[in-house]
Amino acid sequence: MKIVGFAASSSSVSINKQLVTYAVSQLKNCEIEILDLNDYELPLFSQDKEQQLGQPPLAQAFIDKIQSADGLVISFAEHNGSYTVAYKNLFDWASRINSKVYEDKALVLLSTSPGPGGAKSVLASAEASMPFFGGTVKASLSVPSFHDNFDSEQGKLSNAELNTQLLSALELLQA
C-alpha cells in the first residue's frame, strides 16, 4: 500500500508537518511519501491566470502524486478559521485539471494548532468537502495545544490518549 502524506501548510516550521510525518511513520508495511507544498508553488489562481497559463505542470505533478497513492494522510493548518492560502491555491489549480482531486482515495485527516482549538474549524471544512472531490474520509483527529501534546524533540505525540486515537484512525486507512 502506498500512502502519501502532507501538511496543508507552506511553513518551514509547520507543526502540521511534524504531526503528519509522525503519523505516517506509524504505518507498517506501507510505502510512504511525504510531500512539501513548497514544491508546488503556483501563482494565485484566477480565471485570468488560468487563461494565461493553462494547466500548470506543478498542479499536474501534485495530482499525479495523489493518484499514485492508495491513501492519504493530510494535516491541516488553520489560518483565520480556514485553509492556508498555500493549500487552497494548489487545490484550486489542481481541481481545474481534475475536479475529483481525491478520487477513490481513502483519507485520514488531521489538524493541529498551538491553541486549544486544534484547528477544528478547518478540519470540519475538510471533512465536509472531501466527498465532493472524490475522497473517502476514514477518520479524522484534531490535536489541540500542539506544544503540550507533541514532543518536537522526539518527533512524536506525547499525549497517550491522542496517540491511541491517532493509531486507531490510521488502522482505518489500511482496512
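Which residues of E3 sit on one side, and which on the other? Keep that in mind as you look through these close-ups of a predicted model.

**View 1. Strand E3 is covered on both faces.** E3 runs over residues 71-76, and six of its six residues are buried. Gly 71, Val 73 and Ser 75 belong to one side, while Leu 72, Ile 74 and Phe 76 belong to the other. In a regular strand, side chains take turns between the two faces of the sheet.

**View 2. E3 pairs with strands E1 and E4.** With E1 (residues 2-8), E3 pairs in the parallel sense through six bridges. Look for Ala 8, whose bridge partner in E3 is Phe 76. E4 (residues 105-112) also runs parallel to E3, and six bridges join them. Here you can spot Ser 75 with its bridge partner in E4, Leu 110.

**View 3. E3, helix H4 and E4 form a β-α-β unit.** This unit is right-handed, and its helix, H4, covers residues 85-97.

**View 4. Phe 76 belongs to the largest nonpolar core.** This core has 30 residues, and those touching the most other members are Phe 6, Phe 62, Ile 74, Phe 76, Tyr 87, Tyr 102 and Met 130. E1, H3, E3, H4, E4 and H5 each chip in at least two residues, with H4 giving the largest share, five. Zoom in on Phe 76 and you'll find plenty of contacts, including Ala 8, Tyr 87, Leu 110, Val 122 and Met 130.

**View 5. Another core lies apart from that one.** It holds 25 residues, among them Ala 23, Cys 30, Val 73 and Leu 141.

How values were computed:
Residues numbered from 1 in each chain as written. Predicted model: local features only at pLDDT ≥ 70, side-chain atom pairs only at ≥ 80, totals over all residues. Heavy atoms only, no water. Buried < 20%, exposed > 50% of the residue type's maximum accessible area, 1.4 Å probe, protein only. Helix = DSSP H or I, 4+ residues; strand = E, 2+ residues; numbered from the N terminus. Pairing = 2+ DSSP bridges. Right-handed = clockwise from strand over helix to strand, strands pointing away. Core = buried A, V, L, I, M, F, W, Y, C linked by side-chain atoms within 4.5 Å. Contact = heavy atoms within 4.5 Å. Lists of a residue's contacts leave out its neighbours within four places in sequence.
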